[in-house]
Amino acid sequence: MAGSRIVALGHYQPSRVVTNEELSHTIDTNDEWIRDRVGIAERRIADGESVTDMATFAAEKALANAGLTAADIDLVVVATCSAEDRCPSVAAGVAARLGISAPGAFDLNAACSGFSYALATAAHAVQAGASVNALVIGAEKLSDVIDWTDRTTAVLFGDGAGAAVVSTVPDGEPSGIGPVLWGSAPEKGDVLTIAGWRPYIKQEGQSVFRWATTAIAPVARQACEKAGVAPEEIAAFVAHQANTRIIDGIVKRLGIPNAVIAKDLVESGNTSAASIPLALSKLVERREVPSGAPVLLFGFGGGLTYAGQVVRCP
Amino acid sequence: MASREEIVTGLADILNELAGVEQADVTEEKTFTDDLDVDSLSMVEVIMAAEDKFGVKIPDTEMQNLKTVGDAVSYIEANQK
């Protein structure tokens, strides 16, 4: 089987910044409360951009950073749970906009875990010879499904997109995407939903917090083991950006003393499937992690689903 | 088996460590949210620490019913092994 790796990333966020202070004008909340409990200072909210727009902009940057063009891409996978349309898929829209001719194209919904599921799916396709260069995108417009009168959820989310180019590894070079560790707790599915016609996000925060802070660290360790990487070797940890207290709770149990811990939610909020590629793309752009260093990605969220893998930093 | 008094003391230690509550403020009639100012996520951490300390299982559904320190003490007292 061929190897696969992330060769480059890109991201896009709407230019409209919504601060905690701005939210406090319309709902009963304040900056201190949100920073204290969630860790978010501001988020970006789409100002006319669709999910497909944001996915396309992120993908364009990833392609440019990879030194590839639309003609090189043969697979587009988009992780999203907030697509405006059920059909055509966001992936088909991105392919059309970028002029990618005849790629495999589909969306994948594993809520906030979506990017790690999509990355694994693309890596498997490359490893099996079904793709040579794949675009893997996490893109969300959660502002469409936020109940802006609900103070328990309206402060949490944001819009954005991140994209990665996943390619075949040339002969003799090591693979850069470790085995995925994925799973779910389907019996807890009703604690985090975007359900019904014209839906809103609803969650039982305490149940989600308890599950995330206890269930994720053991499976994240297994992802390291499967990749043959000791926790001490992990150079960066990019968890789904839901809540700093969840991330801190996982980190405490995980034991990754040498890792840079991504905290992009401070400036981006929770962008669901977009949060991991967005945070990873920024880490790479700021050169906070050396090329080739092992980075642990771990998504978790609605379903309840989880998935993660160790990747080599592009 | 811990006595009610020992459970209150144990909870006071946990509340102090995880939520910065003064031990002396922890008495049975106090509510976690309003009197002791424990936020909803700290409450989860407190409950999980109490499970470890007293060897009980406190499911999410039960956690909602534990409004006061006394409620938690009674639940732990009745369910500890």
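## An exposed cysteine

Cys87(A) counts as exposed because its relative accessibility is 67%; exposed means over 50% relative accessible area, buried under 20%, and partly exposed in between, with a 1.4 Å probe and protein chains only. This is a predicted model, in which local features need pLDDT of at least 70 and side-chain atom pairs count only at pLDDT 80 or more, while totals for chains, interfaces and linings use all residues. Residues are numbered from 1 along each chain as its sequence is written, chains are lettered from A and ligands numbered from 1 in the order in which they are written, and side-chain values use heavy atoms, leaving out hydrogens and water.

## Cysteines and disulfides

A disulfide is a covalent bond between the sulfur atoms of two cysteines. Here the term is applied to a pair of cysteine sulfur atoms within 2.5 Å. Over all chains, the structure holds 0 disulfides. Cys87(A) is in none, and its nearest cysteine sulfur, that of Cys81(A), is 18 Å away. Cys112(A) is also in no disulfide; the nearest cysteine sulfur is again that of Cys81(A), at 6.0 Å. Cys112(A) counts as buried because its relative accessibility is 9%.

## Strand β6 of chain A

Strands are DSSP runs of E with at least two residues, helices are runs of H or I with at least four, and both are numbered from the N terminus. Strand β6(A) covers residues 133-141, and 9 of its 9 residues are buried. In a regular strand the side chains alternate between the two faces of the sheet. On one side of β6(A) point Asn133(A), Leu135(A), Ile137(A), Ala139(A) and Lys141(A), and on the other Ala134(A), Val136(A), Gly138(A) and Glu140(A).

Two strands pair if DSSP finds at least two bridges between them. β6(A) pairs with β4(A) (residues 75-79) in the parallel sense over 5 bridges, and Val77(A) stands opposite Val136(A). With β7(A) (residues 159-168), β6(A) runs antiparallel and shares 9 bridges. Ala139(A) has Ala161(A) in β7(A) as its bridge partner.

## An open sheet in chain A

Five strands of chain A form an open sheet with mixed pairing, in the order β8-β14-β13-β11-β12. β8(A) (181-184) and β12(A) (260-261) stand at the edges with a single partner strand each, so one side of each has no neighbour in the sheet. β8(A) pairs with β14(A) (residues 305-312) in the antiparallel sense over 4 bridges. Thr305(A) in β14(A) is the bridge partner of Ser184(A).

## Chain B as a whole

Chain B has 4 helices and 0 strands, giving the pattern α-α-α-α along the sequence. Its radius of gyration, taken over C-alpha atoms, is 11 Å. A compact globule of 81 residues would have a value near 12 Å, so chain B agrees with the rule, which is 2.2 Å times the number of residues to the power 0.38. The C-alpha trace of chain B spans about 30 × 25 × 20 Å along its principal axes. Of the 81 residues of chain B, 44% count as buried.

## Helix α1 of chain B

Helix α1(B) (residues 4-19) has 16 residues and reaches 21 Å from first C-alpha to last, close to the expected 22 Å; the expected span is 1.5 Å times one less than the number of residues. Its buried residues include Ile7(B), Leu11(B) and Leu15(B). Among the elements covering the buried residues of α1(B) are α2(B) (40-54) and α4(B) (69-79), where contact means heavy atoms within 4.5 Å. Gly20(B), just after α1(B), takes a positive phi of about 65°.
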